[in-house]
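Take a look at the structure shown here. Keep it in view as you read.

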Amino acid sequence: MIGYVANTDYEWYRFLESHPELDEINFWLPRDTRSWRAIPAGAPFFFKLKRPHYAICGFGFFARHSVLPAWWAWNSFGIGNGAATFQQMRERIEPLRREQHSDPAGNYDIGCLIISQPTFFAPHEWIAQPSDWHANVVQGTTYDLSEGEGKRIWKECLIRASHRPQSFSTSTKDPELPLIAFPPQRYGPETIVRPRLGQGAFRVAVLDAYNRTCAVSEEHSLPALESAHIKPYAESGTHHVSNGLLLRADIHRLFDLGYVTVTPGYRFEVSQRLREDYSNGKSYYPLHGKEIHKPKCPELLPDPVLLQWHNEERFLG
């Protein structure tokens, strides 16, 4: 198994170490807008403090990479970006971008590495960085976790995590990430776990699956788009892309309230109740019966069973 050891800012670590309630975080890259394929989804991701600490201060599981405007990253992950406010987040990002001016709106792209189920260690729990770490590594590098220094830091991380409340889910409720085989350790036999996906990762995954295009109106303006759950998470829905639709904000609100739906055959429908209740809806009825814009990957298509649930349990018909 391959893991990734990333250079980490101390202030970012210190802030997130004080928020153990977070189940996902954004390890942002200030200027990196390239595709990131260092490790597969589900692989361990280690946080390594730079000078003067030179230590592993925690780890999590890589969920996905995306290139997002800074404001979208803040709206999706909030303090999971390692800052108390959007202004503080910008104050950390912008000097690293070497821009000549600040942008209060955050209208610039950053690389986002979404890390699921982060665990941060107190200073007395820090782990010595790999002994073969090269000083010229800027962002990070991969390690084989089955041997050498990679195996050492992985096992030490698991030992520290084993003394904490259960951090890893063995549920198959969210099949977005592959199962991970943990190596045997002193506390028991090999364990199979699946990292949990959170709301922020869901928003980004749906955004990318639909190529940043509203499934109904084909609107491309990012500030107007929202990731909608077909079956709400609070009602046993998952954060998997197949339980999502990318919708323009107004259509999302109508979808949640049951005034519009998408059929299992991927057709958009508008309830007559919209006209009856509000004496309007003229901008939506022309879309009635339209086939929605869908993800290209078959595995990411809206689940017909969940769409049928929305038709029966939410749509006002």
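The paragraphs below go from a pocket to aromatic rings, then to charges over rings and one loop residue.

Remember that this is a predicted model. Start with the largest pocket. Its volume is about 560 Å³. The lining consists of 20 residues. Those closest to the pocket's centre are N7, W28, P30, K50 and L96. Find them and you have found the middle of the pocket.

Which elements supply at least two residues each of this lining? They are β1 (2-8), β2 (24-29) and α3 (86-97). The largest share comes from β1, which gives four residues. Now sort the lining by class. Eleven residues are nonpolar, six are charged and three are polar.

Next, turn to the aromatic rings. The whole structure holds 22 aromatic pairs. Two numbers describe any such pair: the distance of the centres and the angle of the planes. Try this on W12 and F47. Their centres are 5.4 Å apart, and their planes meet at 65°. An angle over 60 degrees counts as edge-to-face, and that is the label for W12 and F47. Where do the two residues sit? W12 belongs to helix α1 (residues 10-17), while F47 belongs to strand β3 (residues 44-49). The pair therefore ties together parts that lie 35 residues apart in sequence. Are W12 and F47 buried or exposed? Both are buried.

Compare this with W36 and F62. Here the ring centres are 5.0 Å apart and the planes stand at 55°, so the pair is tilted. W36 lies in the loop between β2 and β3, and F62 lies in strand β4 (residues 55-69). This pair thus links parts that are 26 residues apart in sequence. W36 is buried, and F62 is buried as well.

These four residues also belong to a cluster linked by ring pairs. Its other members are Y4, Y10, Y13, F27, F45, F120 and W126.

Rings can also have a charge over them. The charged end of R203 sits over the ring of W72, at 4.8 Å from the ring's centre. R275 lies over the face of Y285, and here the distance to the ring centre is 4.0 Å.

Finish at T263. This residue is in the loop between β12 (260-262) and β13 (268-270). Why is T263 called buried? Its relative accessible area is 11%, and buried means under 20%. What does T263 touch, leaving aside residues up to four places away in sequence? Its contacts are E269, L307 and N311.

Notes: Residues are numbered from 1 along each chain as its sequence is written. This is a predicted model: local features need pLDDT of at least 70, side-chain atom pairs count only at pLDDT 80 or more; totals for chains, interfaces and linings use all residues. Side-chain values use heavy atoms; hydrogens and water are left out. On a 1 Å grid over the protein atoms alone, a cavity is a set of points where a 1.4 Å probe fits but cannot get out, and a pocket is an open set with protein on both sides within 12 Å along at least five of seven lines; lining residues have an atom within 4 Å of a point. Grid points are joined across faces, edges and corners, and a volume is the space filled by probe spheres set on the points. Ala, Val, Leu, Ile, Met, Phe, Trp, Tyr, Cys and Pro count as nonpolar, Asp, Glu, Lys and Arg as charged, and the others, Gly among them, as polar. Rings of Phe, Tyr and Trp (its six-membered ring) pair if their centres lie within 6.5 Å; planes under 30 degrees apart count as stacked, over 60 as edge-to-face and the rest as tilted. Buried means under 20% relative accessible area, exposed over 50%, partly exposed in between (1.4 Å probe, protein chains only). A charge sits over a ring if NZ of Lys or CZ of Arg is within 6 Å of the ring centre and within 35 degrees of the ring normal. Contact means heavy atoms within 4.5 Å.
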